[in-house]
Amino acid sequence: EVFDVQSPNASLHRISALEWLVDDIPAKLENTPESFSNHYYPPWKIRQRYILSLLYFSTNGTGWFQQMDFLKPKDECDWWGAKVKCYQRNGKFYHIDLSKNNLMGELVHEISYLNEGELAYLILSDNQLHSTIPTSFGQFSKLKHLSLKNNCLSGTIPQSFSQLTSMRSLFLNGNTQLTGSLNGFCDAVQGASLALEEKGVGFYAECNNGGCPGSFVNNSLVECDCCQCCITCCIHGTAVPKGIVESFSQDFSNSCRALTDQQLSWKEEHCPCLVGNGCSTQCDSPDALFTDSFNQEMMKELIGKKKCSKGCPPSKEKEKGT
């Protein structure tokens with residue numbers, strides 16, 4: 001029904017992607033890579049091309065900051081250069097990065113069909129994706145890095161995430177409308193003998209592991225025993241949590257990431273400025289940085305110093321002084 005324009009369930013972006021593919025494939029067959037002999041374009045490659053075109057149409061591709069030769073009459077592995085990478089041996093994707101590119105729309109479930117290849121990296125962070133996370137994302141059995149942070153995702157995190165046993169990094173923070181539990185996921189990755197303290201391993205979400213007393217904490221948080229809790233966690237800690245800097249300094253023109261009236265009230269009372277590595281109300285200090293007036297360079301510098309951590313441990317400087 002999604003391809004029937006007369007149907008109330010018609011999906012215009014899926015229809016657009018299919019129409020483009022029908023016009024594209026005959027021309028593509030004339031320029032088939034040498035690895036596919038006799039002008040044969042494998043079904044999996046047709047699906048791969050369709051999925052990427054659907055991603056384009058479903059996220060307002062014409063409004064992307066970078067078009068990256070998208071939908072051009074050449075092999076899809078050559079569309080994005082360093083942003084998207086395919087294995088030379090088989091032409092299947094293993095790395096897709098469309099972060100900070102003004103994607104606006106939904107996460108279509110068909111993206112998970114790329115699992116039939118060897119997709120290991122999917123990075124769609126810092127955009128304006130408005131949808132739930134498809135349950136089918138649990139099919140990404142080979143996915144190692146998934147970043148959906150700082151979007152407008154909502155709804156419940158699929159329980160199918162417990163199937164992502166190959167995951168080494170997961171970023172869901174910055175989606176304040178997401179709810180649910182990732183503890184099944186935590187059990188799965190730990191059951192796969194993944195050492196959470198291992199370099200390069202990290203899971204981030206809007207959660208509260210006991211280090212965030214006070215009214216600032218969102219009432220609808222994600223449960224995650226293995227996550228580093230960002231933005232709403234460690235808000236009272238001595239080290240600047242990554243989330244404070246991001247949430248108080250980024251452009252809040254995107255309403256789904258704007259601070260609520262309750263959060264703004266908390267910030268004005270308890271954290272009008274940052275002094276050293278923590279929140280302060282002593283804003284007369286020459287070292288004070290007001291949380292309403294960060295610029296991007298300040299943000300990057302502060303983010304590089306400290307990361308939000310589970311349970312808000314005191315800074316090393318404080319430990320030495322005790």
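Two strands pair if DSSP finds at least two bridges between them. Helices (H or I, at least four residues) and strands (E, at least two) are themselves DSSP runs, numbered from the N terminus. The model on display is predicted, so local features need pLDDT of at least 70 and side-chain atom pairs count only at pLDDT 80 or more, while totals for chains, interfaces and linings use all residues. Residues are numbered from 1 along each chain as its sequence is written, and side-chain values use heavy atoms, with hydrogens and water left out.

**Stop 1: the β1-β2 hairpin**

Select residues 84-86, strand β1, together with residues 93-97, strand β2; the two run antiparallel and are joined by 3 bridges. Within this pairing, F93 of β2 is the bridge partner of C86. Next, display the 6 residues that lie between the strands of this hairpin. The turn includes G91, whose phi is positive, at about 75°.

Now colour β2 by accessibility, where buried means under 20% relative accessible area, exposed over 50%, and partly exposed in between (1.4 Å probe, protein chains only). Of the 5 residues of β2, 4 are buried, which leaves the strand mostly covered.

Add residues 121-123, strand β4, to the selection. β2 pairs with β4 in the parallel sense, over 3 bridges. To see one position in this pairing, select D97, which stands opposite I123 of β4.

**Stop 2: the disulfide at C86**

A disulfide is taken here as a pair of cysteine sulfur atoms within 2.5 Å, and a search of the whole structure finds 3 of them. Begin with C86, already in view, and show its partner C77; the S to S distance is 2.1 Å. The torsion about this S-S bond is -90°, and the link of C77 and C86 is left-handed. Both ends are covered: C77 is buried at a relative accessible area of 16%, and C86 is buried at 18%.

**Stop 3: a cavity beside helix α2**

A cavity is a set of points, on a 1 Å grid over the protein atoms alone, where a 1.4 Å probe fits but cannot get out; its lining residues have an atom within 4 Å of a point. Grid points are joined across faces, edges and corners, and a volume is the space filled by probe spheres set on the points. By this rule there are 2 cavities of 30 Å³ or more.

Select W44, R47, Q48, I51, K92, F93, Y113, L114, E116 and G117, which line the second largest cavity. The volume of this cavity is about 60 Å³. Which helix gives the largest share of its lining? Helix α2 (residues 43-58) does, with 4 residues. By residue class, the lining holds 5 nonpolar, 2 polar and 3 charged residues. In this scheme Ala, Val, Leu, Ile, Met, Phe, Trp, Tyr, Cys and Pro count as nonpolar, Asp, Glu, Lys and Arg as charged, and the others, Gly among them, as polar.

**Stop 4: the β7-β9-β11 sheet**

Move to the open sheet of 3 strands, which has the order β7-β9-β11 and parallel pairing. Its edge strands are β7 (154-156) and β11, each of which pairs on one side only. Select β9 (residues 177-181) with β11; these pair in the parallel sense over 2 bridges.

Centre the view on V222, found in strand β11 (residues 222-223). V222 is the bridge partner of G180. Is V222 buried or exposed? With a relative accessibility of 4%, V222 counts as buried. A distance label from V222 to Q177 should read 9.5 Å between C-alpha atoms, for residues 45 apart along the chain.

**Stop 5: helix α3 and the remaining disulfides**

In helix α3, select N183, F185, C186, A188 and V189, which are buried. The buried residues of α3 pack against β8 (169-171), β9, β10 (202-205) and β11, contact meaning heavy atoms within 4.5 Å.

From C186, follow the disulfide to C226, where the S to S distance is 2.1 Å. This pair ties together parts 40 residues apart in sequence, because C186 lies in helix α3 (residues 183-191) and C226 in the loop between β11 and β12 (228-229). The torsion about its S-S bond is about -75°, so this disulfide is left-handed. Both C186 and C226 are buried.

Finish with C224 and C227, which form a disulfide with sulfur atoms 2.0 Å apart. Here the torsion is 70° about the S-S bond and the link is right-handed. C224 and C227 are both buried.

How values were computed:
1 Å grid on protein atoms, 1.4 Å probe; cavity = no way out; pocket = protein on both sides within 12 Å on 5 of 7 lines; lining within 4 Å.
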